[in-house]
Protein chains: 2
Amino acid sequence: AIVEAAARLFAEGPLAGRRVLITAGPTREYLDPVRFISNPSTGKMGLALAEAAKAMGARVTVVLGPVGEVERGDYEVVNVVSAEDMAREVLARVEEVDCFIASAAVSDWKPETRAAQKVKKSEGPERLTLVRTPDVLAEASRRVSGRTGRPALVGFAAETERVVEYAREKLERKGLDAIVANDVTAPGAGFGVDTNRVTVLTRDGKQRDLAGTKREVAHSILDFIKDYLPPRAPSTPSPSGRGSG
Amino acid sequence: AIVEAAARLFAEGPLAGRRVLITAGPTREYLDPVRFISNPSTGKMGLALAEAAKAMGARVTVVLGPVGEVERGDYEVVNVVSAEDMAREVLARVEEVDCFIASAAVSDWKPETRAAQKVKKSEGPERLTLVRTPDVLAEASRRVSGRTGRPALVGFAAETERVVEYAREKLERKGLDAIVANDVTAPGAGFGVDTNRVTVLTRDGKQRDLAGTKREVAHSILDFIKDYLPPRAPSTPSPSGRGSG
């Protein structure tokens, strides 16, 4: 609590002393030791959010899927591979934060079984049975639902059609405060590129279009959603050691 | 032909004037616009081979699967995504080279169909039907089989068990000159790491274990296989413009 109070004293900015948990990157769902189902997420948007939150004074943890050699800033990174790994690491932390931003592109399905050895080509599989992975954001939302001072919950909706409609539906279904929707097939948006073009929707019906570099968009998103964070607790550290919740 | 002759005059080293084609990285086989089957290859071994071949005087082309932001050297790079893309780019070039090294981790299967829009979670697919992709190396081998001065053909066998046995079988089945076998589950070998530990087998029964950084292993592999390249043509440029085949 003393360390946290000290950090709060020195941090400045609109998120000073706030704890922000962010998921970023893809997940991989292996069907044997060398093959997996995944998606093209590079983690750039999530890492830009981490940088921006840090610059605004927050204490940041990123639960990061496999993205290879990327530049990481001065914040905690927890490396994971699969959706199950990601869910476990998020659920272990989400009750302790002021804001959870689920920007990772989590695989929705995984192979039902994972072969212990590389499957030889001559054998198949010609049919792969897929089962659902945990919905990280929905589980996190359920975990904190109804709690006093629960974290702001921010989702991402990567869509290829009917973007705003699908995003609004997801926001409501998962009990979110805000959702960042983007059309990943639009030019200058989506996976791997350095720019993004998104629409942010909030539970109270606000809607804002944001565009620019992923860094700029990250700042704009945080600036827009910071009003949805829970009220700050009195500055006295609480008995539980949670100094700024 | 004049340019090629000039390049040959200036290049030095054991592969001076030789043309080397290398595949590197994974391939991705999409099932919808945002999901694919792939593998953890980072292209490091193939790019190390390209560097080494270049340093030995060769003219190098790399057909490179999606590997994100990696350092690329001073050689031609042809970017591809799927196994079909890779096969097409290789077959367009393999008849013109002195050595083809297939180090890419090509996906063996792809989804039978690719949905035009992102498949919604509620719909499925719960079963994914997979079909075989083109075998890039086997097709390249068939293309040049029996030709005078055909390129040396070098495969890679990434295995998780019975490594040398599977590699020898692959060498014979695909009509290769050499194969580089590695156990991708061994410590300090395989995907993503900077070191490798391989066994090189040749069609005439030689076998050599190599270990070190991927850069060192790349040099050793090329040094070992250079004797399998076709004889150098007379230095007069041929009428077809193929100056050093």
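**Figure 1. The aromatic pair around Tyr30, seen in both chains.** B:Y30 counts as buried because its relative accessibility is 16%; B:F36, at a relative accessible area of 3%, is buried as well. Here, buried stands for under 20% relative accessible area, exposed for over 50%, and partly exposed for what falls in between, using a 1.4 Å probe and protein chains only. Please keep in mind that this is a predicted model: local features need pLDDT of at least 70, side-chain atom pairs count only at pLDDT 80 or more, and totals for chains, interfaces and linings use all residues, while side-chain values rest on heavy atoms, with hydrogens and water left out. Residue numbers start from 1 along each chain as its sequence is written, and chains are lettered from A and ligands numbered from 1 in the order in which they are written.

A pair of aromatic rings is described by two values, the distance of the centres and the angle of the planes. Searching the whole structure turns up 2 aromatic pairs over all chains. In one, A:Y30 meets A:F36 edge-to-face, 5.2 Å centre to centre with 70° between the planes. B:Y30 and B:F36 also pair edge-to-face, again at 5.2 Å centre to centre and 70° between the planes. For such a pair, the ring centres of Phe, Tyr or Trp (its six-membered ring) lie within 6.5 Å; planes under 30 degrees apart are called stacked, over 60 edge-to-face, and the rest tilted. Like their partners in chain B, A:Y30 and A:F36 are buried.

**Figure 2. How the two copies are related.** Two copies of a chain are related by a rotation about an axis and a shift along it. In this model, a turn of 180° and a shift of 0.0 Å along the axis lay chain B on chain A with an RMSD of 0.0 Å. The two copies are therefore related as by a two-fold rotation axis. Both use the same surface, since 100% of the contact residues of chain B recur in chain A. The superposition is a least-squares fit on the C-alpha atoms of residues with pLDDT of at least 70 in both copies, and contact means heavy atoms within 4.5 Å.

**Figure 3. A closer look at the interface.** How many residues does each chain bring to the contact? Chain B gives 36 residues and chain A gives 36 residues. The area buried between them is about 3400 Å², and carbon and sulfur atoms give 51% of it. This buried area is the accessible area (1.4 Å probe) lost when the two parts are put together, summed over both.

Between chain B and chain A there are 2 salt bridges, each defined as a side-chain nitrogen of Lys or Arg within 4 Å of a carboxyl oxygen of Asp or Glu. One of them joins the side chains of B:R35 and A:D108, at 2.4 Å from N to O. There are also 13 residue pairs in polar contact between the chains, with both residues at pLDDT 80 or more. On the side of chain B that touches chain A, the elements giving two or more residues are β3 (35–38), β8 (127–132) and β9 (152–159). β8(B) gives the most, with 5 residues. A polar contact is a pair of N or O atoms within 3.5 Å; within protein, one atom must be able to donate a hydrogen and the other to accept it, and residues adjacent in sequence count only if both atoms are side-chain atoms. Helices (H or I, at least four residues) and strands (E, at least two) are DSSP runs numbered from the N terminus.

**Figure 4. Ala152 and its neighbours.** A:A152 belongs to strand β9 (residues 152–159) of chain A. With a relative accessible area of 1%, A:A152 is buried. Leaving aside residues up to four places away in sequence, A:A152 touches A:D98, A:C99, A:F100, A:D177, A:Y228, A:L229 and A:P230. The C-alpha atoms of A:A152 and A:I225 are 8.3 Å apart, although the two residues are separated by 73 residues along the chain.

**Figure 5. Helix α4 of chain A.** Within α4 (residues 136–144), the buried residues include A:V136, A:L137 and A:V144. The buried residues of α4(A) pack against α3 (83–91), β6 (99–102) and β9 of chain A. Just after this helix, A:G146 takes a positive phi of about 80°.

**Figure 6. Arg162 in the loop after β9.** A:R162 sits in the loop between β9 and α5 (163–173) of chain A. A:R162 is not a glycine, yet has a positive phi of about 45°. At a relative accessible area of 48%, A:R162 is partly exposed.
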